[in-house]
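This report walks through one protein model with its ligand, beginning at the binding site and then turning to the surface, the charged pairs and some individual residues. Please keep the sequence and the structure at hand while reading.

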Amino acid sequence: MTEKTEILVTGGTGTLGHAVVGRLLDGGHGVRSLSRHPHTGTGRPRPRSYAVDLRDGTGLAEAVAGVDTVVHCASTPAGGDTEAAGRLIEAARRAGVRHLVYISIVGVDRIPLRYYRTKLAVERLVAGAGIGWTVLRATQFHDLLLELVKTGARSPVIPVPAGIRFQPVDSGEVADRLAELALGRPAGRVADMGGPEVLTADEVVRMTLTAGRRRRLPLPVWLPGATGAALRRGENLAQEDAVGRRTYAEFLAARAGG
Ligand SMILES: NC(=O)c1ccc[n+]([C@@H]2O[C@H](COP(=O)([O-])OP(=O)(O)OC[C@H]3O[C@@H](n4cnc5c(N)ncnc54)[C@H](OP(=O)(O)O)[C@@H]3O)[C@@H](O)[C@H]2O)c1
């Protein structure tokens, strides 16, 4: 598609959504950002900002009116994503939206975490919406691993899940891919997107602590149940789709450099 497209990015203030908004604005497209809190920032150009809670839907009809494509990045692990997606899809259908793009997570169909089951349910809602759709599953973002380690490092002993690996991917690269998909035709479920290398949880923790010049004692813990077993089998990895380029070490070095 080469004509100017009107695109709504839900979760446009979040880590991924904010980057998607930036990519689309750079491309000269009409961009709207939706989240509970308004989109702020001094950069130009800026998206049109819609402060909407998708779980109650007030103001949603206005946000989607005249939109060609919705990129759905809004999410709350605390709950409510299925209801939010239902409202978004209903509003998109009424407004004549032609393309719904959804970002999901590698392994949502194989790892029985509550949040993953919700993501899978939303994938199914998107696919059954009667609107052209595209779903991309990505592995964990660098940003998420950094936050997890920082949280764990609040105590002197940091728990490290034994036998578990990650394949972190750069959220900026995922944003590039999502923007590309948003500007293309509905493609259904596309190839997964994983980062360039697989790291053990222990490596992730040690690299993060070193980069932050923190000393903590890593303590191996055994994640119980079906979720622990699925993670130890590597169901969160996308080793055949290791298309990301930026490594976790490069991400950490850039952070350290300000
Ligand atoms: N993080 C990862 O490692 C990873 C990996 C693969 C896929 N993903 C997926 O990528 C998406 C974005 O992740 P992220 O890490 O960028 O998340 P994030 O930084 O937490 O951003 C979430 C966004 O959703 C908005 N939001 C949350 N609840 C909302 C609601 N009820 N109504 C409207 N807006 C709402 C938030 O803004 P307000 O708080 O202002 O509403 C924020 O803009 C998610 O679907 C996630 O599952 C993430």
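How far is an oxygen atom of the ligand from an N or O atom in the side chain of Thr13? The distance is 2.6 Å, between a ligand oxygen and an N or O atom of the Thr13 side chain. This value, like the others below, is computed from a predicted model.

**The ligand and its surroundings**

Besides the side-chain contact of Thr13, the backbone also takes part in holding polar atoms against the ligand: a backbone N or O atom of Phe141 lies 2.7 Å from a ligand oxygen, and a polar backbone atom of Gly11 is 3.3 Å from an oxygen atom of the ligand. The ligand, taken alone, exposes 890 Å², and the protein buries 86% of that area.

The shell around the ligand contains 27 residues, of which Thr13, Arg36, His37, Tyr115 and Lys119 come nearest. Sorted by class, this shell has 12 nonpolar, 11 polar and 4 charged residues. Several elements contribute at least two residues each, namely helix H1 (15-26), strand S2 (30-35), strand S5 (99-105) and helix H4 (114-127). Among the elements, S5 gives the most to the shell, with 3 residues.

**Charged pairs**

How many salt bridges does a search of the whole structure find? The search finds 18 salt bridges, and three of them are set out here with their N to O distances.

| Side-chain pair | N to O distance |
|---|---|
| Asp109 and Arg110 | 3.7 Å |
| Asp109 and Arg137 | 3.2 Å |
| Lys150 and Glu147 | 3.8 Å |

Asp109 appears in two of these rows, since its side chain meets that of Arg110 and also that of Arg137. Because Asp109 lies in the loop between S5 and H4, whereas Arg137 belongs to strand S6 (residues 132-138), the Asp109 and Arg137 pair ties together parts that are 28 residues apart in sequence. The partners differ in their exposure: Asp109 is partly exposed, with a relative accessible area of 40%, and Arg110 is likewise partly exposed, at 34%, while Arg137 is buried, with a relative accessible area of 3%.

The pair of Lys150 and Glu147 has another setting, in that both residues lie in helix H5 (residues 142-152), 3 residues apart, which is about one turn of the helix. Lys150 is partly exposed, with a relative accessibility of 38%, and Glu147 also counts as partly exposed, at 41%. Elsewhere, salt bridges that share partners join Asp109, Arg110, Glu123, Arg137, Arg233 and Glu235 into one network.

**A nonpolar patch on the surface**

Which residues form a nonpolar patch on the surface? The patch is made of Val157, Leu217 and Leu219, which together have about 260 Å² of accessible area. Leu219 is found in strand S11 (residues 217-221). With a relative accessible area of 44%, Leu219 is partly exposed because that value falls between the limits of 20% and 50%.

**Individual residues in loops**

Is Asn236 buried or exposed? Asn236 is buried, with a relative accessible area of 1%, and its place is in the loop between helix H8 (225-232) and helix H9 (248-256). A polar atom of the Asn236 side chain lies 2.8 Å from the backbone oxygen of Arg165.

Arg213 contrasts with Asn236 in its accessibility, since at 78% relative accessibility Arg213 counts as exposed, whereas Asn236, at 1%, counts as buried. Arg213 is located in the loop between helix H7 (201-211) and S11. Although Arg213 is not a glycine, it has a positive phi of about 50°.

Gly195 is placed in the loop between strand S9 (188-189) and strand S10 (199-200), and with 0% relative accessibility Gly195 counts as buried. Gly195 and Trp133 are 62 residues apart along the chain, and their C-alpha atoms are separated by 24 Å.

Methods: Residues are numbered from 1 along each chain as its sequence is written. This is a predicted model: local features need pLDDT of at least 70, side-chain atom pairs count only at pLDDT 80 or more; totals for chains, interfaces and linings use all residues. Side-chain values use heavy atoms; hydrogens and water are left out. A residue is near a molecule or strand if one of its heavy atoms lies within 4 Å of it. A polar contact is a pair of N or O atoms within 3.5 Å; within protein, one must be able to donate a hydrogen and the other to accept it, and residues adjacent in sequence count only if both atoms are side-chain atoms. Accessible areas come from the Shrake-Rupley method with a 1.4 Å probe; for residues, only the protein chains shown count as cover. Helices (H or I, at least four residues) and strands (E, at least two) are DSSP runs, numbered from the N terminus. Ala, Val, Leu, Ile, Met, Phe, Trp, Tyr, Cys and Pro count as nonpolar, Asp, Glu, Lys and Arg as charged, and the others, Gly among them, as polar. Patches are made of residues with over 30% relative accessible area and no salt bridge: like charges are joined within 9 Å, nonpolar side chains (Val, Leu, Ile, Met, Phe, Trp, Tyr) within 5 Å. A salt bridge is a side-chain nitrogen of Lys or Arg within 4 Å of a carboxyl oxygen of Asp or Glu. Buried means under 20% relative accessible area, exposed over 50%, partly exposed in between (1.4 Å probe, protein chains only).
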